[in-house]
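Biologist: Got a minute to go through this one with me? I'd like to talk about the sheet, then whatever else catches the eye.

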Amino acid sequence: MDLNSTENRNKLICYFPKLNSDPHFKITSENTTDYNCIAWAMGFDDRWVEPPSPHKPNDGRSVWWPVNARSDMSYEALISAFQEVGFKICTETNVHEGYDVVVLYGDGGIWTHASRIISLNEEHSKFGESWDGIHGRQMFDGTSYGNPYAYMKRPAEERDYWINKFPLPKPTIMPNIDLLAELAKKMGLIS
């Protein structure tokens with residue numbers, strides 16, 4: 001199926017109606033839940049980046065958050081997470097030759113989204129648990145993603161350094177001791 005099919009586009013337009021009239025809108029990746037917009041903006045495509053929460057299951061995803069970053073949903077927490085992977089606050093809101101530039105979105109003091117600024121008129125985002133796509137600048141302003149509250153940049157030549165600095169830990173399998181004991185009893189291996 002064509003990634004940029006009418007069917008796929010319409011699914012995103014349902015959530016973000018402004019995309020319907022956006023001449024820049026184009027879906028650019030397969031639908032995946034492996035990573036989110038924060039990971040995508042940071043340069044990762046192998047993890048879901050969000051603060052750890054005992055109240056929210058990770059649904060089998062590799063969930064990660066920089067250890068030294070503030071661990072909450074405040075604007076400052078997301079800024080600190082991006083700082084931990086080499087980004088610095090900038091006042092410029094456009095692309096800079098030789099830099100990865102991102103825009104952070106929020107609403108009511110809570111961060112909601114991040115995207116890469118790729119040209120004077122375009123951003124590249126990960127749309128929730130679905131596709132990546134290119135869209136016009138300010139396309140999310142006033143939507144459920146809120147509004148831009150910070151711009152950050154990192155030298156593009158450092159991208160691989162920061163991505164490689166934070167490899168995902170290998171998953172660990174934790175046995176269910178109670179279930180194993182129950183099974184051993186049923187098999188007559190223990191009493």
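**Strands, hairpins and a surface patch**

Modeller: Sure. Let's start in the sheet: V101 has I117 in β6 as its bridge partner. Keep in mind that this is a predicted model.

Biologist: How many bridges do β5 and β6 pair over, and in which sense?

Modeller: There are 7 bridges, and the pairing is antiparallel.

Biologist: What sits between β5 and β6 in the hairpin?

Modeller: The hairpin has 2 residues between the strands. G108 is in that turn, with a positive phi of about 60 degrees.

Biologist: And going on from β6, how many residues does the hairpin to β7 run through?

Modeller: That hairpin goes through 4 residues. β6 and β7, which covers residues 122–126, pair antiparallel over 2 bridges. R116 stands opposite H124 in β7.

Biologist: Back to β5. How many bridges join it to β9?

Modeller: 8 bridges link β5 (residues 99–107) with β9 (residues 147–155), and the two strands run antiparallel. One pair to look at is V103, whose bridge partner in β9 is Y151.

Biologist: Zooming out, what's the strand order in the sheet?

Modeller: The order is β1-β8-β7-β6-β5-β9-β4, an open sheet of 7 strands with antiparallel pairing.

Biologist: Which strands stand at the edges, and why is one side of each left without a neighbour?

Modeller: Those are β1 (26–27) and β4 (88–90). Each has a single partner strand, so one side of each has no neighbour in the sheet.

Biologist: Where does α3 lie?

Modeller: Helix α3, residues 75–84, lies across β4, β5, β6 and β9. Relative to β9, α3 runs at about 15 degrees.

Biologist: Switching topic: how many of the 10 residues in α5 are buried?

Modeller: The count is 1, so "hardly covered" is a fair way to put it for α5.

Biologist: What about just after α5, which residue takes a positive phi there?

Modeller: G188 does, at about 80 degrees.

Biologist: Which residues form the nonpolar patch on the surface?

Modeller: L183, M187, L189 and I190. Together they have about 420 Å² of accessible area.

Biologist: Where's the place of I190, exactly?

Modeller: I190 is in the segment that follows α5 (177–186).

Biologist: And why does I190 count as partly exposed?

Modeller: Because its relative accessibility is 42%, and partly exposed is the class between buried, under 20%, and exposed, over 50%.

Technical notes
Residues are numbered from 1 along each chain as its sequence is written. This is a predicted model: local features need pLDDT of at least 70, side-chain atom pairs count only at pLDDT 80 or more; totals for chains, interfaces and linings use all residues. Side-chain values use heavy atoms; hydrogens and water are left out. Patches are made of residues with over 30% relative accessible area and no salt bridge: like charges are joined within 9 Å, nonpolar side chains (Val, Leu, Ile, Met, Phe, Trp, Tyr) within 5 Å. Accessible areas come from the Shrake-Rupley method with a 1.4 Å probe; for residues, only the protein chains shown count as cover. A salt bridge is a side-chain nitrogen of Lys or Arg within 4 Å of a carboxyl oxygen of Asp or Glu. Buried means under 20% relative accessible area, exposed over 50%, partly exposed in between (1.4 Å probe, protein chains only). Two strands pair if DSSP finds at least two bridges between them. Contact means heavy atoms within 4.5 Å. Axes are lines fitted to C-alpha atoms, for helices over the stretch in contact, and angles run from 0 to 180 degrees between N-to-C directions.
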